[in-house]
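This report introduces one structure to a reader who has not met it before. Please look over the sequence and the structure before going on.

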Amino acid sequence: MLSGDIRAHRTVLPPATPDDDPLRRLQAEMQPSGEVHLRCTTHPEEIAVTGITVMCPRCSARRDWMVICDRNTVSIRCRCSHQWVERELSRQDFERMIDSGGEYFPSLEAAAQSAGYDGTLAGTYLAEQR
Ligand SMILES: [Zn+2]
């Protein structure tokens with residue numbers, strides 16, 4: 001009976017095809033040394049924390065964020081390159097932001113440069129108003 005159960009489980013489980021699993025492939029790329037914990041995503045919409053819309057304390061931006069998850073600490077980074085830890089946001093909140101269509105980056109440097117959060121685009125909204 002026991003061996004029958006095992007056989008049944010084996011037939012249910014699909015053969016190991018890690019190449020077909022984008023998440024597993026991403027994890028393999030992410031952790032060549034097993035020490036990568038920092039993940040980033042972009043979030044073009046506003047973020048409400050405990051019912052209050054997040055606002056950049058430096059430039060008063062209210063959207064277009066980069067969100068950084070370092071283990072269980074979530075930080076928000078603004079276009080003006082100001083960055084702070086948002087203690088009300090959890091890893092689960094971060095996962096939800098990725099699900100909502102954010103762009104995923106393996107490191108803070110890669111995200112800051114390719115997404116334009118290194119300060120080079122600071123004030124681009126204002127330039128359009130001239
Ligand atoms: Zn800002």
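## The two sides of helix α3

Gln92, Arg96 and Asp99 are exposed on one side of helix α3, the side opposite its buried residues. The model discussed here is a predicted one.

The buried residues of α3, a helix that spans residues 91-99, are Asp93, Phe94 and Met97. They lie on the same side of the helix because the arc they cover around its axis is only 100 degrees. The elements that cover these buried residues include the strands β1 (38-43), β4 (65-70) and β5 (73-77).

## A salt bridge within the helix

Asp93 and Arg96 form a salt bridge, in which the closest N and O atoms are 2.5 Å apart. Both residues belong to helix α3 and are separated by 3 residues, about one turn of the helix. As a general matter, an α-helix has 3.6 residues a turn, so residues three or four places apart point the same way.

The two partners nevertheless fall into separate classes of accessibility. Asp93 has a relative accessible area of 17% and is therefore buried, the cut-off being under 20%. Arg96 has a relative accessible area of 54% and is therefore exposed, the cut-off being over 50%.

## Salt bridges between distant parts of the chain

The model has 3 salt bridges in total. One of them joins Glu95 to Arg39, with 2.8 Å between the closest N and O atoms. This pair links distant parts of the chain, since Glu95 lies in helix α3 and Arg39 in strand β1, 56 residues apart. Glu95 counts as partly exposed because its relative accessibility is 30%, whereas Arg39, at 16%, counts as buried.

Asp64 and Arg79 also form a salt bridge, and their closest N and O atoms are 3.0 Å apart. Here too the pair links distant parts of the chain: Asp64 is in the loop between β3 (52-53) and β4, and Arg79 is in the loop between β5 and β6 (83-85), 15 residues apart. Asp64 counts as buried because its relative accessibility is 13%. Arg79 is likewise buried, with a relative accessible area of 17%.

## Confidence in the model

How confident is the prediction along the chain, in terms of pLDDT? The average pLDDT of the chain is 75, and 61% of the residues score at least 70.

Over residues 125-130, pLDDT stays under 50. For this stretch the model has 3 contacts beyond four places in sequence.

Technical notes. Residues are numbered from 1 along each chain as its sequence is written. This is a predicted model: local features need pLDDT of at least 70, side-chain atom pairs count only at pLDDT 80 or more; totals for chains, interfaces and linings use all residues. Side-chain values use heavy atoms; hydrogens and water are left out. Buried means under 20% relative accessible area, exposed over 50%, partly exposed in between (1.4 Å probe, protein chains only). Helices (H or I, at least four residues) and strands (E, at least two) are DSSP runs, numbered from the N terminus. The arc is that of the directions from the helix axis to the C-beta atoms. Contact means heavy atoms within 4.5 Å. pLDDT is the predictor's confidence in each residue, from 0 to 100. A salt bridge is a side-chain nitrogen of Lys or Arg within 4 Å of a carboxyl oxygen of Asp or Glu.
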